[in-house]
Amino acid sequence: MILDIIHILVLIGLIATAYLAVKLRDLMACAVMLGIFSFLLSLEFFILQAPDVAIAEAGIGAGLTTAIFVMAIRKTSRWEVEE
Amino acid sequence: MMSKIVRTQANFLYPFILIFGFYIVAHGHLTPGGGFQGGAVIATGIALVIVAYGYDRIKSWIKKSTLTATESIGLLCFILTAFIGIGTSFFYNFLANSGLLFGDRVSYGVNPGYLNTAGTLPIMNLAVGIEVLGGLGAILMYMMSYGKEVDK
């Protein structure tokens, strides 16, 4: 029962962070939202009893891709501009 | 280079991330995770320091050539460990139950898992961990080395 509630909360968090990553204008906030998305996805993998995949997702998704996004944003523009 | 808060946090967290990554690599045959996952966690620590300090200060601490050499050394260790058992077959586990390094017998029944078992598997986990650490670190360093930082 408590696991089901955590499961549903994680899924709601996944949808919310994915929506915010598309909608926000601050690209640094978008990168952080994608990091949170990857962290929640690794939590979801752990709930579904795949801890191996969860560690890989936490390391690659939440760690390395967020770092690469931050590097790319610092070398370009931080704000999304209208064409 | 980021603010002093970020740099202090990076200094504090860096050794713990490294230790956790090497723990995952060393316990690859007992617990979830293995060479790839542990190497990715260690590369996350490198990424933290690179983001906190910026490429201009990092490039004297971590060399790109060292990281690519580390990647090659890991792959060579893996393939050499596989070739040592070629007398029986490729990837033959010649160390298992031999009493040498990582050669203890596993007792039957429920047990917490012993580190000194499983033969060549821990050695191959270490090789893959070193290789992934070098490869992902080299990706980060090359990603950081092009272009200029824009002041906003």
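**Contact, core and helices of a two-chain model**

The contact between the chains takes 16 residues from chain A and 20 residues from chain B. On the side of chain A that touches chain B, nine residues are nonpolar, three are polar and four are charged. The structure is a predicted model. Its ipTM is 0.79 and its pTM is 0.82.

Confidence was examined for chain B. The mean pLDDT of this chain is 85. A value of 70 or more is reached by 97% of its residues. Within chain B, α1(B) has the highest confidence, with a mean of 90. The lowest is found in α3(B), with a mean of 81.

Chain A is built from three helices and has zero strands. Its elements follow the order α-α-α from the N terminus. The C-alpha trace of chain A spans about 45 × 25 × 15 Å along its principal axes. Of the 83 residues in chain A, 28% are buried. Contacts in chain A between residues at least 6 apart in sequence were also sorted by separation, and 51% of them join residues at least 24 apart.

The largest nonpolar core holds 43 residues. The members that touch the most others are B:Ala40, B:Ala43, B:Ile46, B:Ala47, B:Ile50, B:Leu136 and B:Leu140. Both chains feed this core. In chain A, α2 (27–47) and α3 (51–75) each supply at least two residues. In chain B, the same holds for α1 (4–26), α2 (35–53), α3 (55–58), α4 (64–84) and α5 (121–145). The greatest share comes from α5(B), which gives twelve residues.

B:Ala47 illustrates how the chains meet. Neighbours within four places in sequence aside, B:Ala47 is in contact with A:Gly63, A:Leu64 and A:Ala67 in chain A, and with B:Leu140 in its own chain.

Helix α1(B) was considered separately. This helix has 23 residues. From first C-alpha to last, α1(B) reaches 34 Å, close to the 33 Å expected at 1.5 Å a residue. The helix nevertheless carries a kink of about 35 degrees at B:Leu13. The proline B:Pro15 follows shortly after this kink. Four residues of α1(B) are buried: B:Ile17, B:Gly21, B:Ile24 and B:Val25. These buried residues pack against α3 of chain A. They also pack against α2 and α5 of chain B.

Conventions. Residues numbered from 1 in each chain as written. Chains lettered and ligands numbered in written order. Predicted model: local features only at pLDDT ≥ 70, side-chain atom pairs only at ≥ 80, totals over all residues. Core = buried A, V, L, I, M, F, W, Y, C linked by C-beta atoms within 7 Å. Buried ≥ 20, exposed ≤ 12 C-beta atoms within 10 Å, placed from the backbone. Contact = placed C-beta atoms within 7 Å. Expected span 1.5 Å × (residues − 1). Bend = angle between axes of the 7 residues up to and from the residue. Nonpolar A, V, L, I, M, F, W, Y, C, P; charged D, E, K, R; others polar. pLDDT = per-residue confidence, 0-100.
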